[in-house]
Amino acid sequence: MTDAERREALDAIAREVAVCTGCRLHEGRTRAVPGEGSADTEVVFVGEGPGFNEDRQGRPFVGRAGDLLVRLLGTLGWRREDVFITNVVKCRPPDNRDPEPDEIVACAPFLRRQLAILDPALVVTLGRHSMGRFMPGARIGQVHGTYRPADPALGAADALVYAMYHPAAALRSAEVERQSYEDAAGIPAALLAARERRAGRDADAPGAPAAIEMARAADPAGAAPQPAESESRRPEPAVGSLPPSEPVAPAPHVVNPPLAASPAVSADPPPVPAVSPSVSPAGPADPSAQLTLFGGSSQTP
Ligand code: SF4
């Protein structure tokens, strides 16, 4: 799928969401909030549902919680346009109540289709309802800052899921805010793990070793041929960040020029403490917290 096709597919979902009456939440919405961000990103953030400001503007995470999310991204040198941001339900629950299980189920096909189109390496859940979708039975207090493989049935075919608190919870608790900055510092390590995992899958794919050998034989320099630029999307793994012995499979898509490291967005974020991994840790904070994120920056809708 080309970048343009991916964008058009996301726009088509946004148009469906705008007129959806699939659950009771459509009755009270001002505007549906399908999600927005890069159609060519490696990382998708999934929150719970739109709040007051999101409902007014039709955009996710635009209130104070959104400001904090932007600050968290800024600590990584990323902008919100560099990732894709959406929610498990696309319409605002009344009085900002939690989404009901049947509402989450009703809206799930939209999220599943978005993830199938984006094919992210990393899905970051924000809050327990989003976490519950991808880590059933887990408790946010135990799994925040950790990752595990995503269930492909939920849309992301080959991704890791990384759990974080919802930024709104961090606004209510200094301790949760502190832990949110810790967890954000673990995102680069989780993304690197996801890239390595995907690279390993590509190397294990039937025919891949033979294809690599053929490409090397045909190219004295040993460089594998690249697909057409029109299909460009994902990078080779960040080779410089991987162990030297890590096999690098030919990328399924042509490498996009990596985004230049973005200037930090945040104003005076709290210092990022060292990560103290717990259950299935993302590992220590990546020494280069400014891990380059591959992908474009455009908005939907
Ligand atoms: S929350 Fe989802 S399923 Fe419910 S009306 Fe909105 S778009 Fe449709």
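**Exercise 1.** Determine which helices help to cover the buried residues of α3 in this predicted model, and list those buried residues.

*Solution.* Begin with the cover: α7 (167-172) and α8 (174-185) are included in what lies over the buried residues of α3. Then turn to helix α3 itself, which spans residues 64-74 and whose buried residues are Ala65, Gly66, Leu68, Leu69, Arg71, Leu72 and Leu73.

**Exercise 2.** Trace the order of the strands in the open sheet and identify the strands at its edges.

*Solution.* The sheet holds 6 strands in the order β1-β3-β2-β4-β6-β5, with mixed pairing. Its edge strands are β1 (36-37) and β5 (147-149), each of which pairs on one side only. At the β5 edge, the partner is strand β6 (residues 160-164), joined in the antiparallel sense over 3 bridges, and here Tyr147 stands opposite Tyr162 of β6.

**Exercise 3.** Work out how strand β4 is paired and whether its faces are covered or open.

*Solution.* First, take the neighbours: β4 runs parallel to strand β2 (residues 43-47), with 4 bridges between them, and also parallel to β6, with 5 bridges. Next, look at Thr125 of β4, which stands opposite Val46 and also opposite Ala163 in β6. In a regular strand the side chains alternate between the two faces of the sheet, so each face should be examined separately. Leu122, Val124 and Leu126 are buried on one side, and Val123 and Thr125 are buried on the other, so that both faces of β4 are covered.

**Exercise 4.** Describe the shell around the ligand by its nearest residues and by residue class.

*Solution.* Of the 14 residues around the ligand, Cys20, Gly22, Cys23, Cys91 and Cys107 come nearest. By class, the shell divides into 9 nonpolar, 3 polar and 2 charged residues. Helix α4 (residues 101-118) supplies the largest share, 3 residues.

Note on methods:
Residues are numbered from 1 along each chain as its sequence is written. This is a predicted model: local features need pLDDT of at least 70, side-chain atom pairs count only at pLDDT 80 or more; totals for chains, interfaces and linings use all residues. A residue is near a molecule or strand if its C-beta atom, placed from the backbone, lies within 6 Å of it. Helices (H or I, at least four residues) and strands (E, at least two) are DSSP runs, numbered from the N terminus. Ala, Val, Leu, Ile, Met, Phe, Trp, Tyr, Cys and Pro count as nonpolar, Asp, Glu, Lys and Arg as charged, and the others, Gly among them, as polar. Two strands pair if DSSP finds at least two bridges between them. A residue is buried if 20 or more other C-beta atoms lie within 10 Å of its own, exposed if 12 or fewer, and partly exposed in between; C-beta atoms are placed from the backbone. Two residues are in contact if their C-beta atoms, placed from the backbone, lie within 7 Å.
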